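Good morning, colleagues. I should like to take you through a few helices and their surroundings. Please look at the display before I continue.

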Amino acid sequence: MLVERMLPFTSTIFAEMSALALRTGAINLGQGFPDTDGPASLLADAAANITAGVNQYPPGVGVPALRSAVAEHQKRFHGLDVDPDHVLVTSGATEAIAAAVLALCGPGDEVVTFQPYYDSYGATVALSGATLRAVPLRPVPGAGFTFDPDELRAAFSARTRLVLVNTPHNPTGTVLGRGELTLIGELAAEFDAVVVTDEVYEHMVYAGAEHIAMAALPGLADRTLTISSAGKTFSVTGWKVGWVHGPPRLVNAVRAVKQFLTYVSGAPFQPALATALSLPDTFYRTLADDLARKRDLLVDGLRRAGFAVYPPRGTYFVVADVAPLGVDDGAAFCWRLPELIGVAAVPVSVFCVDPDLGRTLVRFAFCKRDEVLAAAVERLAGLRALG
């Protein structure tokens, strides 16, 4: 029988909505995975590695080439001086987050994060036995989602062990600014908490937004674990290759747990990704430009369909409010939507400790081919006819 603390996590909304989309033939804008492959050179390198026999256990900390490439990437894009020996390769960012929380937190500890949040955060904190303290991100017209500094401070206490920060933020698309990150860092220092940053959407920022690595802010490098992955940037979400870096004492703690989760993974993928990380700036610019165009296509379509929309400054998700459609329950709306018009989305309320916080909000993914998004927009337009 499942332990009580894990009873709320027996299934994920992504699996449920993807299954519903498959069953109804709906366009799946719920689960966040691209429907195109990554760079041809990356795929060719991975295939060559497989046929060349790179198929057995890689080193437990990751292949040296990838650890060095991550360090070089962090210097190139964020100005961080990272020792490759302080980089740990993981089975995606999700494992890195889980290993960090399990390594650093236990019963009696508290973890501060923002809600809505990626669903693994709540499950991982529950696994550790710690308590989640979730600070609301609320929509502000014309400014996306933001938090109340007083509410953030109130979430900290002598029990605060870890602060889990996701920027660019899933599901809201918010990109936290320097002032917001500085405040988070000041509170972490005041309460002697470790900062864990989930930066998997670091190359997906739009509208003049800037992704700032928290470890680059004054005084934070020594208390910050920085996490990212290849899945989103290179459209290979199924490869599950991520990494974490930070001060040795923290990375060593994460490694102690990680080695008993998956041990290792991705042998033929790791060296291929090491090469891909050095792709020219044009690759990264094109990635963001293409997604910005897709974002605009979906945002415009959602507005024409009658939603109130909060255009994201990062990630490949857009949050829309169903209240203008006369709907007061986003979750019920999402369960009906695939059969109603043939499009799948996910309710934001499932990402919240307080479900009323996102009660009328739904999340759509725009990391799809243009023709798929165009078809989805055409179907969404049918909502007006349904009245």
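In helix H5 of this predicted model, the buried residues are Asp119, Ser120, Tyr121, Gly122, Ala123, Thr124, Val125, Ala126 and Ser128. That is 9 of the 10 residues in the run from 119 to 128, so H5 is largely enclosed by the rest of the structure. What do the buried residues of H5 pack against? Their partners are two helices, H1 (13-24) and H4, together with the strands E3 (110-115), E4 (131-136), E7 (160-166) and E8. Just after H5 comes Gly129, whose phi is positive, at about 85°.

I turn now to helix H8, which spans residues 248-258. Here Leu250, Val251, Val254, Val257 and Lys258 are buried. Because these residues cover an arc of only 120° around the axis, they lie on the same side of H8. They pack against helix H4 (92-104) and against the strands E2 (87-90), E8 (194-198), E9 (224-229) and E10 (242-245).

Finally, let us consider a pair of helices. H10, residues 281-305, packs with H12, residues 370-380, at an angle of about 10°, and their axes are 9 Å apart. The two helices are therefore roughly parallel to each other. From H10, the contact involves Arg293, Lys294, Leu297, Leu298, Gly301, Leu302, Arg304 and Ala305. H12 contributes Asp370, Leu373, Ala374, Val377 and Leu380. What is the character of the residues in this contact of H10 with H12? They divide into 8 nonpolar, 1 polar and 4 charged.

Thank you for your attention.

Note on methods
Residues are numbered from 1 along each chain as its sequence is written. This is a predicted model: local features need pLDDT of at least 70, side-chain atom pairs count only at pLDDT 80 or more; totals for chains, interfaces and linings use all residues. Side-chain values use heavy atoms; hydrogens and water are left out. Axes are lines fitted to C-alpha atoms, for helices over the stretch in contact, and angles run from 0 to 180 degrees between N-to-C directions. Helices (H or I, at least four residues) and strands (E, at least two) are DSSP runs, numbered from the N terminus. Angles under 35 degrees count as roughly parallel, over 145 as roughly antiparallel, 65 to 115 as roughly perpendicular and the rest as oblique. Contact means heavy atoms within 4.5 Å. Ala, Val, Leu, Ile, Met, Phe, Trp, Tyr, Cys and Pro count as nonpolar, Asp, Glu, Lys and Arg as charged, and the others, Gly among them, as polar. Buried means under 20% relative accessible area, exposed over 50%, partly exposed in between (1.4 Å probe, protein chains only). The arc is that of the directions from the helix axis to the C-beta atoms.
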